[in-house]
Amino acid sequence: MARIAFIGLGNMGRPMCDNLTKAGHDVVGYDVVAAARDAYAAAGGRVAATLAEALADADTVISMIPTGKHVRAAYEGQGDGEGGVLAHARPGTMLIDCSTIDVESARAVSKAAAEAGFVMVDAPVSGAVPAAQAGTLTFMVGGTAEGFERARPVLAAMGPKIFHVGASGNGVALKICNNMMAGMSMVAISEVFALAEKLGLDHQTVYDVMTVSSGNCWALQSYCPVPGPVPASPANRDYQPGFAAAMMLKDMRLSQDAAATSGAATPLAGSAAALYQMLVEHGHGNKDFSAVFALITGRLTSAGG
């Protein structure tokens, strides 16, 4: 079993740590936010007070942190003399970053890791918090074949679907494309239900017919944005996430940055990103991204509305 230093003890990181521990791995958690460390410790997890302490005995590092800036700081250091993972990890330590960040940052950190003598992969996930809790995440892994084979046994403790999608940075590239699709789909399904209501159609009827017809998709089947048809969907608990709207906005912005850099035309994604921006600006960044339905129908216009 691996000795794992897990960096990032947020909504995704903590259940990922739990599943690694259940699989028999020796896990120590670290987060720059003391409250996150305290919460993990209170739940029975083993925590380190510093990054260097977390890495002292680790043969594997896994990170799940918010942005490219944070990932670069964690691995390359913040210029404060303390250094990051590359300065403190033992030779031969396997590095796995599961964060959803920009492609440029992912490739830059991987290059720095290789130059320092480490094998690193980017392995972002799909499935959000419910899949992290259930151990059913999907991993999109970018890196060498060696890195993929070394990472796969550890990743398997957190999810059964593990894909090698190419060179370093390709994991986050595919994740950006995947979340762009999810974000657009949720807007489309929300508009469909808004129209169906105006035409006098029942939510359940719309769901029952569309899930066996050409309009079926993941956003409808698993994360239906109206209360009723899918009992586990956030719509049935006042849009508590799930996958927060602020995180979807981050990912939609990543998609638009990538489109601009590569010269790809993504007009639908641009429109969807604007709606998530409105949702966040109205004070609902902490609600599930499926709350875009309530925004579109005028039922969610300001914080607390």
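A cavity here is a set of grid points where a 1.4 Å probe fits but cannot get out. In this predicted model, a search of the whole structure turns up one such space of 30 Å³ or more, and the largest cavity holds about 50 Å³. Its lining is made up of V71, D97, I101, A106, V109, S110, M120, V121 and D122. Helix 6 (103–115) and strand 5 (119–122) are the elements that each give two or more residues to that lining. By character, the lining residues split into six nonpolar, one polar and two charged.

Helix 6 also carries one of the structure's eight salt bridges. There, E115 pairs with K111, with the closest N and O atoms 2.6 Å apart. The two sit four residues apart, about one turn of the helix, and both are exposed. Helix 8 (residues 145–155) has a similar story to tell: R152 and E149 meet in a salt bridge at 2.6 Å, N to O, and lie three residues apart, about one helical turn. An α-helix has 3.6 residues a turn, so residues three or four places apart point the same way. R152 is partly exposed at 35% relative accessibility, as is E149 at 42%.

The bridge between R46 and D26, at 2.5 Å, instead links distant parts of the chain, from the loop between helix 2 (34–42) and helix 3 (51–55) to strand 2 (residues 26–30).

Further along, helix 12 (residues 245–262) runs for 18 residues and spans 25 Å, close to the expected 26 Å. Its buried residues, among them M248, L249 and L254, pack against helix 9 (170–198) and helix 13 (267–284). Just after helix 12, G263 adopts a positive phi of about 80 degrees.

Notes:
Residues numbered from 1 in each chain as written. Predicted model: local features only at pLDDT ≥ 70, side-chain atom pairs only at ≥ 80, totals over all residues. Heavy atoms only, no water. Expected span 1.5 Å × (residues − 1). Buried < 20%, exposed > 50% of the residue type's maximum accessible area, 1.4 Å probe, protein only. Contact = heavy atoms within 4.5 Å. 1 Å grid on protein atoms, 1.4 Å probe; cavity = no way out; pocket = protein on both sides within 12 Å on 5 of 7 lines; lining within 4 Å. Points joined across faces, edges and corners; volume = space filled by probe spheres on them. Nonpolar A, V, L, I, M, F, W, Y, C, P; charged D, E, K, R; others polar. Salt bridge = Lys/Arg side-chain N within 4 Å of Asp/Glu carboxyl O.
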